[in-house]
Amino acid sequence: MKRYSVFAIAREALRYHQGWERAWKSPEPKKSYDAIIVGAGGHGLASAYYLGKNYGITNVAVIEKGWLGGGNTGRNTTIIRSNYLQDPSAAIYEKARALYETLSQDLNYNVMFSPRGLLMLAQTHHEVRGYLRTVHANNLQGVSTEWIGPGRVKELVPIINIDGPRYPVLGALYQARGGTARHDAVAWGYARACSAMGMDIIQQCEVTGVTQSNGVVTGLDTTRGHIGCKKLGIVVAGHSGQLAEMAGFRLPIEAVALQALVSEPIKPCMDVVVMANTVHGYMSQSDKGEMVIGGGTDGFNNYTQRGSFHHIEETLRALVETFPMISRLKMLRQWGGIVDMTGDRSPIISKTPLGNCFINCGWGTGGFKAIPGSGWAMAELMAKGEPGPLAAEFSMWRFKEGQFIDESVAAGVAH
Amino acid sequence: MLILECPCCGVKAEETELSPGGEAHLKRFGPGSSDEEFEAYMFARKNPKGVHFERWRHAYGCGKWFLAARCTATLEVFGTYPAQTSEPPADIVAKIKAKRPDWKGYK
Ligand SMILES: Cc1cc2nc3c(=O)[nH]c(=O)nc-3n(C[C@H](O)[C@H](O)[C@H](O)COP(=O)(O)OP(=O)(O)OC[C@H]3O[C@@H](n4cnc5c(N)ncnc54)[C@H](O)[C@@H]3O)c2cc1C
Ligand SMILES: [Zn+2]
């Protein structure tokens, strides 16, 4: 892999940019691999990357039915934060956030991590108490967050309506090092680094069956033939239920649609991320100037990557109330992704009933922010066969044992 | 837009009148049952990509619960039926089979 650098740009500028190489190779699948990851979203690619980087396992394939990053990783609103309440969540999301800080340098790929600051508005007294509690918990967990009053909110977000008639802003949970990153770049950067380590990223290859003997996975049936493997990692977000069915077990997961939309681009007007969970909407401004907007999920199972229209209306109603100046903005694009919701809204990074098969899923509406930490924990689980401290609490058996991580981590609106 | 005909009052209700209630025909388990049974009842879900049976409530209409057969991959509705049934009725099953010949049937 040729490194990207200021010298590379200068060199290429002098020769009509003829020397840039492909960011990753597109090889034919081999007969078999030491490890296969299904799903080339951020979580799958990061899992492969840390398998190579942290454990030296590089005879690895990442198998993707569409194009890499074409699932939720390329469809999300890119909010990154780690201000969760429960210890296991704070640990893994803060690990991820911390890795994001230096990810561009680590991958030699600009993921445009922008720790611009993130506010979660409190608009009811119940929320005020809830967020104060979170701030105290975060201080104990070593996650840096603070409680700020309405005056400071207005300073940080001049376009906000502090005293709306229904839900005046009573303050906010503020994480100064929260923010956003470029979603595609996260997938592309990991893919390029994996490919450079000699891993195969195989796109346009759908897994259709899991072959096994005596409770151990032997390989995968795919649309490009059978591929053998010694270890299998399933990292397919909204399609986890389907892969689990192929492997012969059932998950506490339901697939529903979550939508987002962006406005026409306007001049810079908001340089933080604002989430308003009571009225159900959140917004940030992209580098191009578009207002990036998201809201809640539909309540019913859906695999169509298309959500219900009335949710858009509800989201926009909430945001116009919070930011009156956006009322005349035109919305340019809207899309949906299929998110994997668990019973306690926390993710699963776990062994499965099959000895050499591992699963990473359940990130639901909020897993972009977790990509580096989740990949780190999944690689450890796959390499050692046992979960490390980051993954230990996220076992799929917690639902049987009643050990929920009841966080609403991935809940309808809270990204 | 999703439209379901409420079998209780006959109204063709659109989505905003309805609230979804999750997978239908779950077998209930209570105190005294095993951890596995309780987990299966509370959390394990079929979550199929394709034919699915669900509970719905005509929340902003007659207020009653009913069941619906729907395809989660295309959003096609096969039919609705009363909540007082323990498995999908034969006419609904026949209708689905006619439209989805490779559907494995309700299990
Ligand atoms: C509209 C929207 C907004 C969001 N906003 C945020 C946000 O602001 N912040 C945040 O942190 N999170 C957000 N999320 C959630 C976040 O996008 C996801 O949690 C995260 O991207 C999941 O990554 P993944 O790698 O697990 O899944 P994906 O990126 O979906 O990757 C899974 C891959 O598996 C592939 N696959 C599936 N089945 C098969 C098969 N049979 N064979 C081969 N490949 C298969 C799919 O094609 C897909 O590419 C949002 C999600 C949506 C939909
Ligand atoms: Zn009715």
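**Exercise 1. A backbone angle in a loop**

Classify A:His17 as buried, partly exposed or exposed from its relative accessibility of 44%, and then describe its backbone and its place in chain A of this predicted model.

Solution. Buried requires a value under 20% and exposed a value over 50%, so A:His17, at 44% relative accessibility, counts as partly exposed. The next step is the backbone: phi of A:His17 is near 55°, which is positive although the residue is not a glycine. Most residues other than glycine have a negative phi. As for position, A:His17 belongs to the loop that runs between α1 and β1 (32-38) of chain A.

A parallel case can be worked through in the same way. A:Arg345, likewise not a glycine, has a positive phi of about 65°, and it sits in the loop between β16 (331-342) and β17 (348-351) of chain A. With a relative accessible area of 32%, A:Arg345 is partly exposed.

**Exercise 2. The zinc site of chain B**

Identify the protein donors of the zinc ion (ligand 2), establish the geometry of the site, and state how the donor residues are spaced in sequence.

Solution. The donors are the SG atoms of B:Cys6, B:Cys9 and B:Cys62 together with ND1 of B:His58, and they lie 2.0 to 2.3 Å from the zinc ion (ligand 2). For the geometry, four donors count as tetrahedral if all angles lie between 85 and 135 degrees; the angles among the four donor atoms here are 102 to 115°, and the site is therefore tetrahedral. In sequence, the donor residues follow the spacing C-x2-C-x48-H-x3-C. Finally, accessibility can be compared for two of the donors: B:His58 is buried, with a relative accessible area of 1%, whereas B:Cys62, at 33%, counts as partly exposed.

**Exercise 3. Salt bridges and their surroundings**

For the salt bridge between A:Glu380 and A:Lys384, give the distance between the closest N and O atoms, locate both residues, and contrast their accessibility.

Solution. The closest N and O atoms of A:Glu380 and A:Lys384 are 2.9 Å apart, which lies within the 4 Å limit for a salt bridge. Both residues belong to helix α10 (residues 371-384) of chain A, where they are four residues apart, about one turn of the helix. A:Glu380 is buried, with a relative accessible area of 11%, while A:Lys384 is exposed at 52% relative accessibility.

Further pairs can be treated likewise. A:Glu12 and A:Arg11 meet through their side chains in a salt bridge of 3.4 Å, N to O; A:Glu12 is buried at 0% relative accessibility, and A:Arg11, with a relative accessible area of 36%, is partly exposed. In chain B, the side chains of B:Lys12 and B:Glu5 form a salt bridge of 3.5 Å, N to O, in which B:Lys12 is exposed at 61% and B:Glu5 is partly exposed at 38%. Salt bridges also link A:Glu94, A:Arg97, A:Glu101 and A:Arg177 into a network, and the count over all chains comes to 24.

**Exercise 4. A surface patch and an annotated span**

Which residues form a nonpolar patch on the surface, and what does the UniProt record place at residues 36-79 of chain A?

Solution. The patch consists of A:Tyr4, A:Ile9 and A:Trp20, with about 280 Å² of accessible area together. Of these, A:Tyr4 lies in the segment before α1 (6-13) of chain A and is partly exposed at 30% relative accessibility. For the annotated span, UniProt gives the feature "domain: Rhodanese" in an unreviewed entry. In the model, that span is 32% helix and 18% strand, and its end C-alpha atoms lie 29 Å apart.

Methods
Residues are numbered from 1 along each chain as its sequence is written. Chains are lettered from A and ligands numbered from 1 in the order in which they are written. This is a predicted model: local features need pLDDT of at least 70, side-chain atom pairs count only at pLDDT 80 or more; totals for chains, interfaces and linings use all residues. Side-chain values use heavy atoms; hydrogens and water are left out. Donors are N, O and S atoms within 2.8 Å of the metal (3.2 Å for Na, K and Ca); water is not among the atoms, so sites may look incomplete. Four donors count as tetrahedral if all angles lie between 85 and 135 degrees; four count as square planar and six as octahedral if opposite donors are over 155 degrees apart and all others between 65 and 115; anything else is irregular. Buried means under 20% relative accessible area, exposed over 50%, partly exposed in between (1.4 Å probe, protein chains only). UniProt positions are given in the numbering used here, feature names are shortened, and annotations may be inferred rather than shown by experiment. Helices (H or I, at least four residues) and strands (E, at least two) are DSSP runs, numbered from the N terminus. Patches are made of residues with over 30% relative accessible area and no salt bridge: like charges are joined within 9 Å, nonpolar side chains (Val, Leu, Ile, Met, Phe, Trp, Tyr) within 5 Å. Accessible areas come from the Shrake-Rupley method with a 1.4 Å probe; for residues, only the protein chains shown count as cover.
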